[in-house]
Amino acid sequence: MRKQSSPQFRRELGRFFLLIVIHMAVSLPFKVMIMIPGFTDIRPVTCIQPLFGLFYGQTGALAFAVGNLISDILSDSLQWSCIAGFLANYLYVVLIYKLWHAIRKKAFSLRQAKDFFAYIAIVLLSAAVLTAIITLGVYAVYPQVDLPTLIGTIFCNNTIFPVVLGAPIMIMMQEEFHIPDLWTRRMREKEEREKTQTP
């Protein structure tokens, strides 16, 4: 998180801890759905991963990575390869946000078909990066791991849930609850600053 004024920093810190709590609430109930003991499981929590990036940026990325690490600790799944998992989950969330604005160059929205297809492409690309990082991290420490199952589970977790569950959740957040994405929030803050600076 970049240097901010005290009130802004407190708000971001509050968001950070709230997002970790949300991660815990969504992830822990499903930690019993194990594919490879100690390494990977079915993770519906990945449905909120793009949400953390598109709505909360760097704060969301760090919160998801920390939440994932805490989840592994609480479920007795902590391994040396969790270092790669921490990095991969952080980068995945950042990539979702960065790629959206590099490709679409506008506030996040899934109202149009081309926006939805762009979202799917971004999720697939980000998931490929995450899968590669985690797979290399796990294989470097535990070369005996079942690679096809590991790769398939990680990639499916980070593509299916973000599209099938994540997209409807974000649409509902915007359309029903009018929660702005990070781009929109920053534009509003910029406009407010310009108004206060105008003599």
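**Helix packing in a predicted model**

Let me begin with one residue, Tyr 92, which counts as buried because its relative accessibility is 1%, where buried means under 20% relative accessible area, exposed means over 50%, and partly exposed lies in between, all with a 1.4 Å probe and protein chains only. Tyr 92 is found in helix 3, and by a helix I mean a DSSP run of H or I with at least four residues, numbered from the N terminus, while a strand would be a run of E with at least two.

Before I go on, please keep in mind that this is a predicted model, in which local features need pLDDT of at least 70 and side-chain atom pairs count only at pLDDT 80 or more, whereas totals for chains, interfaces and linings use all residues. Residues are numbered from 1 along each chain as its sequence is written, and side-chain values use heavy atoms, with hydrogens and water left out.

Which residues does Tyr 92 touch, if we do not count residues up to four places away in sequence? They are Gln 49, Pro 50, Val 123, Ser 126, Ala 127, Leu 130, Asn 158 and Pro 162, and contact here means heavy atoms within 4.5 Å. You can also look at Thr 131, which is 39 residues from Tyr 92 along the chain, with the two C-alpha atoms separated by 9.6 Å.

That brings me to the way the helices pack, and I will start with helix 3, which runs over 82-103, and helix 4, which runs over 113-141. The axes of helix 3 and helix 4 come within 9 Å and cross at roughly 155°, where an axis is a line fitted to C-alpha atoms, for helices over the stretch in contact, and the angle runs from 0 to 180 degrees between N-to-C directions. Helix 3 and helix 4 are therefore roughly antiparallel to each other, since angles over 145 degrees count as roughly antiparallel, those under 35 as roughly parallel, those from 65 to 115 as roughly perpendicular, and the rest as oblique. The residues of this contact between helix 3 and helix 4 divide into 20 nonpolar, four polar and one charged, and in this scheme Ala, Val, Leu, Ile, Met, Phe, Trp, Tyr, Cys and Pro count as nonpolar, Asp, Glu, Lys and Arg as charged, and the others, Gly among them, as polar.

Next come helix 4 and helix 5, whose axes come within 9 Å and cross at roughly 150°, and that makes helix 4 roughly antiparallel to helix 5. By class, the contact of helix 4 with helix 5 has 20 nonpolar, five polar and no charged residues. One residue to look at is Thr 135, whose place is in helix 4, and which counts as buried because its relative accessibility is 10%. Leaving out residues up to four places away in sequence, Thr 135 touches Leu 147, Leu 150, Ile 151 and Ile 154.

At what angle do helix 2 and helix 5 pack? The angle is about 45°, with the axes 8 Å apart, and helix 2 and helix 5 are therefore oblique to each other. Among the residues that make this contact are Leu 54 and Phe 55 of helix 2 and Met 170 and Met 173 of helix 5, and the whole contact of helix 2 with helix 5 divides into nine nonpolar, three polar and no charged residues.

Now to the core. The largest nonpolar core has 41 residues, and those with the most contacts inside it are Phe 52, Leu 54, Phe 55, Phe 108 and Tyr 119; such a core is a set of buried Ala, Val, Leu, Ile, Met, Phe, Trp, Tyr and Cys residues joined through side-chain atoms within 4.5 Å. The elements that give two or more residues to this core are helix 1, helix 2, helix 3, helix 4 and helix 5, and helix 2 gives the most, with nine residues. Leaving aside its neighbours within four places in sequence, Leu 54 is in contact with several residues, including Trp 100, Phe 108, Tyr 119 and Met 170.

Finally, let us turn to two loop residues. Lys 105 is found in the loop between helix 3 and helix 4, its phi is near 55°, a positive value in a residue other than glycine, and Lys 105 counts as exposed because its relative accessibility is 60%. His 178, in the loop between helix 5 and helix 6, has a positive phi of about 55° although it is not a glycine, and at 60% relative accessibility His 178 counts as exposed.
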